[in-house]
Amino acid sequence: MKKILLCDDEFIIRDYHETLIELELDSETEFVHAKDGNEAIELLAQKNDFDLIICDMNMPSVNGDKVHEYNQDHNKAPFIMLSGDGTQFASEISDFSKDNKCEVVSKPWEGNELIDKILSFLEPDFEII
């Protein structure tokens, strides 16, 4: 079973991501939702068994860059950052662009871009036809 942390301040976005992933993955998946960066960090502090973290960059109080930083220091789970600012911020985050377990997806993404990145982390042998 795969375990994914979905972090976004909008419930509808978290719910959309969960539905999208459920439709695409062949395996059973457990989803854990965090409504902001603070909650995501609290969940990461309690559990270190996530197979993937999908996190919005811009959120009230604690942004996605702090969630990424905590993950890098403690969990090292694969990480997908969703950003309306594109990849511009990635150069500002220490080692983000150098880490092959971290990806940035610009919002809105095109076609299968997000699901392709999710599958590359969770099902690396899966081929999209």
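The count of aromatic pairs comes to 1, where rings of Phe, Tyr and Trp (its six-membered ring) pair if their centres lie within 6.5 Å. The model under view is predicted: local features need pLDDT of at least 70, side-chain atom pairs count only at pLDDT 80 or more, and totals for chains, interfaces and linings use all residues. Residues are numbered from 1 along each chain as its sequence is written, and side-chain values use heavy atoms, with hydrogens and water left out.

Select K3 and F50 next. The charged end of K3 sits over the F50 ring, 5.2 Å from its centre; the criterion is NZ of Lys or CZ of Arg within 6 Å of the ring centre and within 35 degrees of the ring normal.

Proceed to L44. Its contacts (heavy atoms within 4.5 Å) are L5, F50, I53, V67, Y70, N71 and N75, leaving aside residues up to four places away in sequence.

Then display the largest nonpolar core, a set of buried Ala, Val, Leu, Ile, Met, Phe, Trp, Tyr and Cys residues joined through side-chain atoms within 4.5 Å; buried means under 20% relative accessible area (1.4 Å probe, protein chains only). Among its 18 residues, L5, L44, I53, C55 and F79 touch the most other members. Helix α2 gives the most to this core, with 3 residues; helices are DSSP runs of H or I, at least four residues, and strands runs of E, at least two. A second, separate core of 17 residues includes I4, I21, I80 and F121.

Finally, select α4 (residues 113-122), in which L114, I115, I118, L119, F121 and L122 are buried. They lie on the same side of α4, because they cover an arc of only 160 degrees around the axis, taken from the directions from the helix axis to the C-beta atoms. Their cover includes β1 (2-7), α1 (11-24) and β3 (52-56).

Technical notes. Buried means under 20% relative accessible area, exposed over 50%, partly exposed in between (1.4 Å probe, protein chains only). Rings of Phe, Tyr and Trp (its six-membered ring) pair if their centres lie within 6.5 Å; planes under 30 degrees apart count as stacked, over 60 as edge-to-face and the rest as tilted.
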